[in-house]
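Here is a briefing for a first look at this structure. Its topics are the cores, the sheets and the packing between elements.

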Amino acid sequence: MKIALIGYGKMGKAIEPIAIQRGHEIVLRSVSTVELDKTTIADADVAIEFTEPSSAKHHILTCFEAGTPVVVGTTGWYGDYDEIHRKQKETNSALLASTNFSLGVNLFFEINHRLAALMNQQDQYDMAITEIHHTEKLDAPSGTAISIAEGIIDSVDRKKEWTDSHSHGSRQIQIVSEREMNVPGTHRVTYDSAVDSISIEHVAHNRKGFALGSVIAAEFIQGKSGIYTMKDVLNLS
Ligand SMILES: NC(=O)c1ccc[n+]([C@@H]2O[C@H](COP(=O)([O-])OP(=O)(O)OC[C@H]3O[C@@H](n4cnc5c(N)ncnc54)[C@H](O)[C@@H]3O)[C@@H](O)[C@H]2O)c1
């Protein structure tokens, strides 16, 4: 499979050896909009996009125009999701975006959902999410933390929204973001009552898990049209 890497930073560089090891060819490594070669993208079987929040929408639309399925790892652009969804329908193209491509985190999302369903009846517990990432991360809270919060809101009737402010109301889930050197990504959900606490945590040891998941997602989306998620890739739907 021919893969166009849109973004060749920490993630693009982690994806390259894994893609090659799995028998794929890297046909583009772009690090700026100027280097975004539309002809090469049209020629690729799949594009994998890991850049920055302000560029993601433009890259996704470029892939739609080129007719190339696109896997998007960049976070922090979801305010544009409705427009992207509309364009995907118009162009009948393929998109698989995930706030986190780690297979472990996607299993963690499922555990989070099931624990939240159990906690729906247990009003004595309040919950909070903590996410810890390296200091270069541009967006906060992390897209993964927001996905975790949405999973809880789906299942716990007493919670209606998330907040990243220091104080929070009873209908809100607090997300605390911490930035530390060299942390690839840690997410913890804690349920706290007056008598005990229950926590679940996912700790990424390095970026290889995100990179492998995005290549597996690229293999999945090749030749397809429509919008997919990691649930489809992992058969968790
Ligand atoms: N979904 C996931 O599993 C996952 C995992 C890790 C990181 N991320 C997200 O992926 C994004 C990238 O992370 P990273 O650690 O590789 O960041 P990085 O800063 O190391 O790399 C970003 C790269 O994008 C390039 N870039 C910026 N604008 C561009 C443009 N217009 N065209 C082409 N390239 C452009 C930069 O030159 C740089 O090489 C971030 O949003 C991060 O939060 C997601």
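A nonpolar core is a set of buried Ala, Val, Leu, Ile, Met, Phe, Trp, Tyr and Cys residues joined through side-chain atoms within 4.5 Å. Buried means under 20% relative accessible area, exposed over 50%, and partly exposed in between, with a 1.4 Å probe and protein chains only. The model is predicted: local features need pLDDT of at least 70, side-chain atom pairs count only at pLDDT 80 or more, and totals for chains, interfaces and linings use all residues. Residues are numbered from 1 along each chain as its sequence is written, and side-chain values use heavy atoms, leaving out hydrogens and water.

**Cores**

- The largest nonpolar core holds 26 residues. Ile15, Ile48, Val71 and Leu96 have the most contacts inside it.
- Two or more residues each come from strand 1 (2-6), helix 1 (10-21), strand 3 (46-49), strand 5, helix 7 (208-221) and helix 8 (230-233). Helices (H or I, at least four residues) and strands (E, at least two) are DSSP runs, numbered from the N terminus.
- Helix 7 gives the most to this core, with six residues.
- Another core, of 19 residues, lies apart from it. Among its residues are Phe109, Met127, Val156 and Ile173.
- Isoleucine 48 is in contact (heavy atoms within 4.5 Å) with residues including Ile3, Ile15, Val71 and Val215, leaving aside its neighbours within four places in sequence.

**The six-stranded sheet**

- This open sheet has the order 2-1-3-4-5-11, with parallel pairing. Two strands pair if DSSP finds at least two bridges between them.
- Strand 2 (25-30) and strand 11 (226-228) are the edge strands, and each pairs on one side only.
- From one strand to the next, the twist averages 20°. Axes are lines fitted to C-alpha atoms, for helices over the stretch in contact, and angles run from 0 to 180 degrees between N-to-C directions.
- Three bridges link strand 5 (residues 94-97) with strand 11 in the parallel sense. Alanine 94 has glycine 226 of strand 11 as its bridge partner.

**The five-stranded sheet**

- This open sheet runs 7-8-6-9-10, and its pairing is mixed.
- Strand 7 (161-163) and strand 10 (197-203) each have a single partner strand, so one side of each is left without a neighbour in the sheet.
- Neighbouring strands are turned by 20° against each other on average, direction ignored.
- Strand 6 (residues 126-133) and strand 8 (residues 172-179) run parallel and are joined by six bridges. Glutamine 174 in strand 8 is the bridge partner of alanine 128.
- Helix 5 (residues 103-119) packs on this sheet, touching strand 9 (186-192) and strand 10. Its direction makes about 165° with that of strand 10.
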